[in-house]
Amino acid sequence: MGILQTVRCRTAESAGKLSKHVIKFGSGMGKSYPGHLFLRLGSLNCVNYLARKLGIGSIIITGTNGKTTSTKIIILLLAKDADITFNYESNTINAIVTGLLTSKVDLGVFEYGIRDIQNGIPDTVSKIVDPVGVVYTNISREHSQVSGRENPFEEYLKAKQLLSTPMKRGVVICNADDPRTTYIGKNKEQDTKVTYYGLDIDLEDKTPLTGDVFCPLCGGNLVYSKRYLNHRGIYECSECGFNRPEPDIKLVNLSLEKEKWSVGLMGEIYNYPTGKNVKIDFQVQVPAFGVHNLYNLLCAVTTYVSFTPQPMNIEKTIIDTCNALDLSILPPGRFEIFSSGDKWIGMGQGDNGDALKANIQFMMSYFGDELEGNTVFIYTTPDEGEDEIFEDHLISLISLNPRMVHVVPGRESVTAAENYYNILKESLTADFYPLSYEDMDKRIDKIQELVNESSYKYIIVSGCGPEEYMWGNLKSRCKSHEKGS
Ligand SMILES: [Zn+2]
């Protein structure tokens with residue numbers, strides 16, 4: 001790097017750090033503005049200058065579901081053994097750079113959401129941040145349109161893959177049970193270390209797959225001998241033989257109690273800072289938070305074991321962190337089960353096919369066959385252009401077969417909601433409430449009224465909707481009603 005370039009980077013660094021200090025106590029801006037300012041004064045190459053200051057390097061977490069929860073648990077674990085800087089719930093290079101604007105630390109831990117290639121710059125981010133770890137949670141169908149453009153699944157997968165494509169060192173961490181992240185891992189094995197994590201438990205997803213899952217290698221049909229959560233399970237391609245690799249680290253011996261779950265962590269994986277393999281084999285207690293969060297936990301543990309500079313602490317750090325975990329680590333829209341009088345209510349965000357299905361599965365792990373014939377579903381719809389999300393939702397709803405479905409728009413378009421309702425009512429008994437997005441309070445009032453007046457024992461409220469504004473408010477209102485009644 002030339003002297004002028006260095007001066008430019010240093011100036012940008014000082015200005016960025018200063019702005020981070022100044023707006024530290026302000027609102028949301030602190031998450032990305034300093035990075036924005038840095039990039040305006042410096043250049044993309046200057047990010048590389050910042051990134052090189054980290055003792056060990058940066059870890060970037062991406063995927064469709066579970067990014068934020070996995071990132072938060074990774075932060076809790078690594079912060080016990082190392083000096084770290086981090087950012088979560090962020091989707092831009094600005095947010096990552098804001099995290100890098102810090103005094104000397106060992107590791108940077110950054111969540112990075114990528115919807116498509118046009119709106120994100122995954123390969124550029126990877127080149128300039130030069131991560132030592134890229135972590136994949138899972139890849140599912142999400143938004144079939146982004147900013148009015150078609151976003152086919154193949155391109156979405158490609159965008160995710162690009163984040164690790166430039167890596168020549170470090171560790172790529174993949175979910176072995178997800179054929180898409182395994183595909184990315186298999187393609188990286190000749191360049192760098194790849195670590196696979198997966199489940200080895202008795203729990204099985206008995207509800208049908210939302211849509212066929214095709215082999216990412218040859219396009220053939222994938223056949224599952226066991227499914228843990230929708231397309232995550234033990235699979236093999238009937239045409240080319242592409243199959244689920246044996247996980248290097250896995251969850252075993254799961255036992256479910258109403259309040260706490262107990263699960264074993266077992267495996268031997270590569271630790272990047274020491275260059276040595278580390279073995280783990282012990283049991284932990286976690287909140288009863290659903291299979292999808294078991295994946296988030298395993299993803300976080302795998303990342304922690306791969307990057308802690310103090311492998312001798314692993315068992316104690318993981319056990320202590322799990323003991324202290326509670327549901328507040330999960331996002332405000334998280335699906336929760338609570339009782340009201342003699343009714344049971346399961347309520348929370350399920351804004352893509354996979355997420356809504358996980359909610360139904362969570363409810364089933366509590367109440368099993370009792371749900372049949374005794375359940376009403378209040379369904380908040382996706383938006384215009386989100387047909388694929390609706391298709392996935394519909395498959396899950398039909399397999400649950402609730403006695404009644406109340407359809408309420410979840411996003412902006414009421415017309416789209418009505419169209420989805422018209423399709424849904426061909427298969428299920430349903431009614432529709434055309435409430436506008438602008439008057440969110442009315443929507444929340446109506447949903448609350450439907451919950452209170454329902455004569456069914458089990459009520460599930462899920463689908464699309466703004467995280468805090470809708471789900472956060474709705475849950476706190478229904479819970480305070482429960483306390484008041
Ligand atoms: Zn194949």
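Me: Helices (H or I, at least four residues) and strands (E, at least two) are DSSP runs, numbered from the N terminus. With that settled, in which loop is Asn401 placed?

Reply: Happy to look, keeping in mind that this is a predicted model. Helix α12 covers residues 387–400, and strand β17 covers 404–409. Asn401 has its place in the loop between α12 and β17.

Me: What is the phi of Asn401, roughly?

Reply: Here is some background first: most residues other than glycine have a negative phi. Asn401 is not a glycine, yet its phi is positive, at about 55°.

Me: Is Asn401 buried, partly exposed or exposed?

Reply: The relative accessible area of Asn401 is 48%. Buried would need under 20% and exposed over 50%, so Asn401 counts as partly exposed.

Me: And Asn230, is that residue buried or exposed?

Reply: Asn230 sits in the loop between β9 (222–229) and β10 (232–237). Phi is positive there too, near 50°, in a residue other than glycine. The relative accessible area of Asn230 is 4%. The limit for burial is under 20%, so Asn230 is buried.

Me: Let's turn to helix pairs. How are α11 and α12 oriented relative to each other?

Reply: Two packed helices are described by the angle between their axes and the distance between the axes. For α11 (residues 353–367) and α12 (residues 387–400), the axes come within 8 Å and cross at roughly 20°. Angles under 35 degrees fall in one class, which makes α11 and α12 roughly parallel.

Me: Which handedness does the crossing of α7 and α8 have?

Reply: The axes of α7 (residues 153–162) and α8 (residues 179–188) come within 11 Å and cross at roughly 50°. The two helices are therefore oblique to each other. As for the handedness of the α7 and α8 crossing, it is right-handed.

Me: How far apart in space are Lys127 and Met167, C-alpha to C-alpha?

Reply: Lys127 belongs to helix α6 (residues 122–129) and counts as exposed at 54% relative accessibility. Along the sequence, Lys127 and Met167 are 40 residues apart. In space, their C-alpha atoms are separated by 7.9 Å.

Me: One more, please: how much accessible area does the nonpolar patch of Ile3, Leu4 and Val7 have together?

Reply: Leu4 lies in helix α1 (residues 3–22). With a relative accessible area of 71%, Leu4 is exposed. Leu4 joins Ile3 and Val7 in a nonpolar surface patch, and together their accessible area is about 360 Å².

Key:
Residues numbered from 1 in each chain as written. Predicted model: local features only at pLDDT ≥ 70, side-chain atom pairs only at ≥ 80, totals over all residues. Heavy atoms only, no water. Patch = residues over 30% accessible without salt bridge, like charges linked within 9 Å, V, L, I, M, F, W, Y side chains within 5 Å. Areas by Shrake-Rupley, 256 points an atom, 1.4 Å probe, with all protein chains shown as cover. Salt bridge = Lys/Arg side-chain N within 4 Å of Asp/Glu carboxyl O. Buried < 20%, exposed > 50% of the residue type's maximum accessible area, 1.4 Å probe, protein only. Axes fitted to C-alpha atoms, helices over the stretch in contact; angles between N-to-C directions. Parallel < 35°, antiparallel > 145°, perpendicular 65-115°, else oblique. Left-handed = near helix turned anticlockwise from the far one by under 90°.
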